[in-house]
Amino acid sequence: MRELTHLEQLEAEAIYIMREVAAECEKPVMLYSIGKDSSVMLHLALKAFYPEKPPFPFLHIDTTWKFQEMIAFRDHTAKRLGIEMLVYTNKEGVRDGINPFDHGSAYTDIMKTQALKQALDQYGFTAAFGGGRRDEEKSRAKERIFSFRNAQHAWDPKNQRPEMWKLYNTKIRKGESIRIFPLSNWTEKDIWQYIRQEMIEIVPLYYAKERPVVYRDGNIIMVDDDRMQLGHDEKVEWKKVRFRTLGCYPLTGGVESEADTLDAIIEETLQAITSERTSRVIDHEAAGSMERRKREGYF
Amino acid sequence: MKSLLKFITCGSVDDGKSTLIGHMLYDAKLIFADQEKALELDSKIGSREGKIDYSLLLDGLMAEREQGITIDVAYRYFTTEKRSFIVADTPGHEEYTRNMAVGASFADVAVILIDATQGMLIQTRRHIRICSLMGIRHFVFAINKMDLVHYDKGIYNKIAKEVKRFVNEFEIASIQMIPVSATEGDNITGSSSAMPWYHGTTLLTYLENIEITGLNTEDGFVMAIQRVSRPNHRFRGFQGQISAGEVCVGDEITVLPSHEHAKVAEIYVTDQKEESAQAGQPVTIQLDREIDISRGCVICKSGSIKAANLLTAKMLWMDDESLVPGRNYWIKLGTRLLPASVMDIKYRIDVNSGDQLPAEQLYKNELAVCDIMLSEKCVVDAFENSKDLGSFIFVNRVTNMTSACGTVEHTLRRSDNLVWQETDITKQIRAEQKNQATKTIWFTGLSGSGKSTLANALEKRLVAMGKHTMLLDGDNIRMGLNRNLGFTEVDRVENIRRIAEVAKLMNDAGLIVLTAFISPYRKDRENARDIIGEDFFEVYVSTPLAECERRDVKGLYKKARKGEIPNFTGISSPYEAPLAPDLVIDTQKMDLEEAVTLMIEKLDMVDS
């Protein structure tokens, strides 16, 4: 017998977790954000239940401000794999014209956090997989793999259920739910190495390419459609950029890069001097902002 | 590819755990530039006057930064030339012992910090004990704050000796002592010039090189079934992660607890069809014949593992509610979830001295050895043989809290002279065993108002929810227990009194009782409330007389109007409506389903 490799161990742990949820939770769903972590999650779900299809649907919370390439990738992926892809948008938010330019953090709350809660309530999901990793942010580093939420979807960091060995407690009361993070113990580097090893398809935005961008508050923002609001002194330039994380295009900073192959991306990641979430504009707002949003029900 | 080492840092509060890890990451250049910047920024407003406070790298929660302590486990990930690491940095406060245990269950190696100015503390001893309980067999002791004792060799030697004496009683595969200073960085990643008398390894070198051996000595093939996959009628695969050993296509396997045999027909390792698979891999296995296998069964090759419903185990209690022997919990063991009770707390373990102390109950953060009874036989092994089949958690059946964790020492047979601890089985224990809170739901109202119909419908809903109930009505009371009573005032009072006493007994048995009697007099119902106590829940079925008379299901009103029935409530005898019932239901205003849903809500029985 041989010792399993680092990636094999992480893969086995994630698959074990997914099967536990499928076996014990009443109505699970897998959150699908279209990003690279979601691509890995989807890939793991396909492997975990093979030859059976994953025994739960996938859910994308569409803020209507995602990159166009992300939406195309989502639809193509769902069709290619024959999986059930639910798409939910906060219609009141759209009606009220909530957008990332004028509404700041209220936008994230209404179009992401509230939309997610509405979707989970509407479908009655009791368990939701997310792709969060503990290496991303300090409050995530302390969250359990099975993260209990009360009927208001709130997380109580001071009273987390102990989580021992592989013995996950999935017991909840009506109205309560569990968020599950099978990638908790993966690092960004593990994700990229796994994508290479398994040849997982990811959104082309991760690869460097000439794209129309503006420089704003130290971030490189891509002009993905004509809804982009430009300041007087802002000029659209064509630059070779790529994205390390994906979200709503006006809130996602790119990096100038020549990395247009997977190996080049991994090479660049290994030498990264800026940790991943720096490119998400919202995390800068206040110290502890991620923890506060999680308590309010954000993933 | 590099191997992965999971380790935990622990020790008493202020021993400098977070600082140690922070410093290791910083020295080894394993933190990102922006984190480094944030760290220096945070330090300026912190208490170390502009010097870098390395612990800020790890104490992530707002409450922790405010209080300056570590509440919960933080996981950190780093890689050196030689190895990948996951470190669980755990809280030192006794209050958060359970979070420390979470980190220990995950780790292969424990780095125990000891403050050189203080020596071993109770909390240090508690942590060593819990690490051992959770399965850690490799220990490294970092004697910290050596800078504060002038790097004195004598002080180090004295503490090292104390540690060796203490760990003697535990199963340990390897032990290492290192004198360090977490704030100054001595012997963390590089050798210390301040302690030329120490010739041993630095902490990082130790972690890069330690070989892990220990638990899971079971070498035959063992796998607990997580899930049965049936995508179509031709495919039936058993999914799980192999706990130990290897399995090949064609191997003869045994299914436990049924002891049926079959041969392995196909193996999928994730989505790849393979000829064999080994410990640690997630697989889907198909067998050559149809046998009854479900989640919780175990398939294996050797015959040494057995099913049992009685076992002796070491437990760590983690709930604010204490453990009472006899009370029913969910136990999760392997992939099984079933009811279980502690029959006897054999002894509590003093965390400091290791002494065995008698105990009637077990409180938060206490360790004990207990005899446990499972509701049915379950495949189980000693923890020393199998981490997967020898570890378990207890879940509170009412609050769903993970109340305890434990490891199996050995199984017991009936003949092993079992004794139940002197326990009074209380009403609460009986009710919890049924996973419910007791109530007597007392329906009152005119004849024909709908009491029986409501009580019947409510009882059906409760039973469908898995509750244990009893309905008392004219049919089962008047014909038996109260056969000797007539309809005089004295008899009516006695009738109600007996019903209330029976309801109380049934509440004491842990049941939810429903009664459907006219019970027209306020005084009698008050009497019933006194007898039954706080379980009494009065439902006034307020359907008006005219409507009851219109319905006249049994033709009684017609007879009463003709004077054929004396003392008929509402016609020739008064009905005293309740002044402050717990609930009023007018059957004219809502349909049966709505009424039942309303009652379930008001009774607070909505969940589970």
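Let me begin with what surrounds helix H11 of chain B, residues 489–508, in this predicted model: its buried residues (buried meaning under 20% relative accessible area with a 1.4 Å probe, protein chains only) pack against helices H8 (427–433), H10 (474–481) and H12 (522–532) and against strands E24 (439–444), E25 (469–473) and E26 (512–516) of chain B. Helices here are DSSP runs of H or I with at least four residues, and strands are runs of E with at least two, numbered from the N terminus. Among the buried residues of H11(B) are Asp491(B), Arg492(B), Asn495(B), Arg498(B) and Asn507(B), together with Ile496(B), Ile499(B) and Val502(B). At 1.5 Å a residue, its 20 residues should span 28 Å, the rise being multiplied by one less than the number of residues, and the end C-alpha atoms are 29 Å apart, which agrees. After H11(B) comes Gly510(B), with a positive phi near 95°.

A word on conventions: residues are numbered from 1 along each chain as its sequence is written, while chains are lettered from A and ligands numbered from 1 in the order in which they are written. Because the model is predicted, local features need pLDDT of at least 70 and side-chain atom pairs count only at pLDDT 80 or more, whereas totals for chains, interfaces and linings use all residues, and side-chain values use heavy atoms, with hydrogens and water left out.

For chain B as a whole, there are 15 helices and 28 strands, and 57% of its 608 residues count as buried. Of its contacts (heavy atoms within 4.5 Å) with a separation of 6 or more, 72% are between residues 24 or more positions apart.

Turning to chain A, helix H5, residues 104–123, also has 20 residues with an expected span of 28 Å, and its end C-alpha atoms are 28 Å apart, in agreement. H5(A) nevertheless has a kink of about 30° centred on Ala115(A), the bend being the angle between axes fitted to the seven residues ending there and the seven starting there. Ala115(A) is itself one of the buried residues of H5(A), as are Tyr107(A), Met111(A) and Lys117(A). Just after the helix, Gly124(A) has a positive phi of about 70°.

Finally, how do H1 and H6 of chain A meet? Helix H1, residues 6–24, and helix H6, residues 188–198, pack at about 95° with their axes 11 Å apart, and are therefore roughly perpendicular (65 to 115 degrees) to each other. On the H1(A) side the residues are His6(A), Leu7(A), Leu10(A) and Glu11(A), and they meet H6(A) residues including Asp190(A) and Tyr194(A).

Note on methods:
Buried < 20%, exposed > 50% of the residue type's maximum accessible area, 1.4 Å probe, protein only. Axes fitted to C-alpha atoms, helices over the stretch in contact; angles between N-to-C directions. Parallel < 35°, antiparallel > 145°, perpendicular 65-115°, else oblique.
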